Every structure is written in structure tokens, then in C-alpha cells.
Amino acid sequence: MVNLEWYRTFKSVYKNRNFSLAAKELFISQPAVSQQMSMLEAHVGYKLFNRKSKGVEPTEYAKLLNNLIIEALDRLENVENGFRTKAFNANRLITIGISEHLFSSLGSSLISKFDFIDFSFHENQTLFELVNTKKLDFAIVTAKYDTFDTIQKKVGDIKQVIVGSTNIDSKVLKTKIKGNYFTATENWLNDQIWYSHDSEIPHVKLFWMFVFNKKRPSIIPNYIIPSEYEMLGILSKNTGIAIVWSCNAKSFIESEKLQLLWDSKQMPNTGVYILSGKNDNFNHARQEIESELKNILG
């Protein structure tokens, strides 16, 4: 029966013209190389190499054999290397950084894709620095970075929207929005019970700046809950409104636990990116993460 290792060894000997160099390349002993070549010669029925003082010289039969097998052997080795890379990436521990506010809607979906993940929570700039210094394998960020040592691919868009509990009568608000009565709309919003994940309400200020062209909204949050997704869960069981990422609100709206009050056209989209270092061993894992996030955000 033919042994594929014989052909792998033949390829190395043919390339290096030397049994010792082939042994070093293949991480086997020189006697093992000699033995495999002798067995291959016996199998094909022809002498393949003539020994010289500084190595070996392929015979005409060796040249013919090399032409016949080299393309198939290269394809086989590419398949083997690809399989090893996938197996390595599927079974090794990978480290993924993400904002705490996006973990439940985006990061948690990756758990079914990998056997071992070490998650950590940070904001965009810290996540970039950790990936750039190779302290994290991947990061899911909402800011664009352009460096030589990192790879960044966009996986979708999210935006800030206003949601509310289902026991709020939103007809008056939607009528004001439809009629472009922005002062009346702002007054209605100011009268509501507000939930926020940050006492400094940066997301509310951003919304007010784009939608109402004001830097300082007059609202004061009634309840501050540090995790946006957890905040939405509590809001769904009580009364109030909040400005949140659309991806976080999606499942609550679809299950009718919350209602979408306003998806303003003035509020711009924000890109979501997968950030990683330049490492070929991460290719398969990167593709898995990218595909999963695109499915969620698509």
C-alpha cells in the first residue's frame, strides 16, 4: 500500500537535493529519509536518486514522478493545513472584548460558535489598545481604527432609538413627530419617566444634538442601571422610556415587551466592526465571528 509520507519526503528530497536537509525540514532523522526513499523506489520499481559527494541528484524517473505528483501533493497539503488551522481555531481559547452594553445582544451569540471564549468588557479606545498590543484576539467596536498591525471589518450598523414600556400611550407622541412639531415632541419626552445606563447621559445628549439641534437636554434620568441590556429588561416590567442601541431593543420590540417610540431619520447610523490583530491563525475564527454578527445586524 502506498504511503503518502513517502511522497512528502520525496518532494523535500527533490527540492533540497539532500537527505540531511530534507530530514531537517520534515523533523525526522536522516536514516528515516533514506528508508522511505528506498521503500518508494521499491514501490515504483525505479531508482529515483543518485548519491553524490554533496547530496543527491534526481534521475529522469524522479523528474517524471515529481511532475506527476507535485500538483496533487500541494493540494493535499493545502487541505491538511487548512483543516489543522480550523481545528486549532475551533478548540483554542480565544479572547474577545466588547462593551458591556452590547454583550447580551451581540457578544453572547458567539458562545455557540466556539468551545472556549474569555470575554472582557471595555469601551472602544481601550479595546483597540488591547488588540493592538496583542492582549486581546478580537474586539467588537463601534469606532473606526486604521493601523498597520490590526484588521478591521465592518459587520453592520446600529443606531440610537427611543423605546418605551408597552403601557405608554404613544399616539400623541407619534402625531407630534409626524407633524414635525419638535418643540411639542421635546416637551412630551421631558414629561416622561426616563431610564439610563449612564448618569451623564451621553447617548441622550447625542440624540438631542442630532434631532433637536440642542447640546443640553433638560431631562434628568429617574433610574440609572449600568448595563443597557439589563436596563431594558427592567424597563419592560415597569413604566418609562429610554434611548438605546437598536440591536439591544430589537428582541424586546419583537417580543412586544417594549415599543419603538421613535427611530429618527436625523439620528445617524453607527458602524459595528470586528477588530483583530494580523494573525493567519485567526482567519477561521474571524470569519465565524464576522458571519455571526452580520446575521444579527443584517
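**Notebook: a walk through the model**

I began at the front end, where Tyr-14 lies in helix α1, residues 4-16. Before going further, I noted for myself that this is a predicted model.

**Entry 1: Tyr-14**

I asked whether Tyr-14 is buried or exposed. Tyr-14 is buried, because its relative accessible area is 15% and the cut-off for buried is under 20%. I then listed its partners beyond four places in sequence: Tyr-14 is in contact with Phe-49, Pro-58, Ala-62, Lys-63 and Asn-66. For a sense of distance, I paired Tyr-14 with Glu-200. They are 186 residues apart in sequence, and their C-alpha atoms are 70 Å apart in space.

**Entry 2: the whole protein**

That distance made me step back and look at the overall fold. I counted 12 helices and 12 strands in the protein. The radius of gyration is 30 Å, while the globule rule gives 19 Å for 298 residues, so the protein is more spread out than a compact globule. The C-alpha trace spans about 95 × 35 × 30 Å along its principal axes.

I also wrote down some totals. Of the 298 residues, 44% count as buried. The accessible surface comes to about 16,600 Å², and carbon and sulfur atoms hold 51% of that surface. Taking contacts between residues at least 6 apart in sequence, I found that 69% join residues at least 24 apart. For charges, I have 36 positive and 32 negative ones, with mean positions 4 Å apart.

**Entry 3: two residues of strand β4**

Next I opened strand β4, residues 117-121, where Asp-118 is found. Ser-120 lies in β4 as well. How does each of them fare for exposure? Asp-118 counts as partly exposed, at 40% relative accessibility. Ser-120 is buried, with a relative accessible area of 19%. I note that 19% sits under the 20% cut-off, so Ser-120 goes on the buried list.

Then I looked up their contacts, leaving out residues up to four places away in sequence. Asp-118 touches Leu-93, Ile-94, Thr-95 and Ile-96. Ser-120 touches Ile-96, Gly-97, Ile-98 and Leu-136. Ile-96 turns up in the list for Asp-118 and again in the list for Ser-120. I checked the pair Asp-118 and Ile-96 by C-alpha: 22 residues apart in sequence, 6.2 Å apart in space.

**Entry 4: positive phi**

I went looking for backbone angles that stand out. Most residues other than glycine have a negative phi, which is why I flag the positive ones.

Phe-27 has a positive phi near 60° and is not a glycine. I placed Phe-27 in the loop between α2 (19-26) and α3 (30-44). Phe-27 is exposed, with a relative accessible area of 77%.

Lys-134 is another one I flagged, with a positive phi of about 65°. Lys-134 lies in the loop between α6 (124-132) and β5 (138-141). At 64% relative accessibility, Lys-134 counts as exposed.

I added Glu-256, which follows α11 and has a positive phi near 60°. While there, I asked which residues of helix α11 (246-254) are buried. They are Cys-247, Asn-248, Ala-249 and Phe-252.

**Entry 5: Lys-171**

I moved on to helix α7, residues 171-178, where Lys-171 is found. Lys-171 counts as exposed, because its relative accessibility is 65% and the cut-off for exposed is over 50%. I looked at Leu-261 as a partner for a distance check. Lys-171 and Leu-261 are 90 residues apart in sequence, yet their C-alpha atoms are 9.4 Å apart.

**Entry 6: Arg-286**

My last stop was helix α12, residues 283-297, which holds Arg-286. Is this arginine buried or exposed? Arg-286 is buried, because its relative accessible area is 6% and buried means under 20%.

What does the side chain of Arg-286 meet in the way of polar contacts? I found one of 2.8 Å to the side chain of Asn-283. Setting aside residues up to four places away in sequence, I have Arg-286 touching Phe-138, Ile-151, Ser-276, Gly-277 and Asn-279. Phe-138 ties back to an earlier entry for me, as β5 spans 138-141.

Methods
Residues numbered from 1 in each chain as written. Predicted model: local features only at pLDDT ≥ 70, side-chain atom pairs only at ≥ 80, totals over all residues. Heavy atoms only, no water. Helix = DSSP H or I, 4+ residues; strand = E, 2+ residues; numbered from the N terminus. Buried < 20%, exposed > 50% of the residue type's maximum accessible area, 1.4 Å probe, protein only. Polar contact = N/O pair within 3.5 Å; in protein donor to acceptor, adjacent residues only side chain to side chain. Contact = heavy atoms within 4.5 Å. Rg over C-alpha atoms; globule rule 2.2 N^0.38 Å. Areas by Shrake-Rupley, 256 points an atom, 1.4 Å probe, with all protein chains shown as cover. Lys, Arg positive; Asp, Glu negative; His and termini not counted. Charge placed at Lys NZ, Arg CZ, Asp CG, Glu CD.
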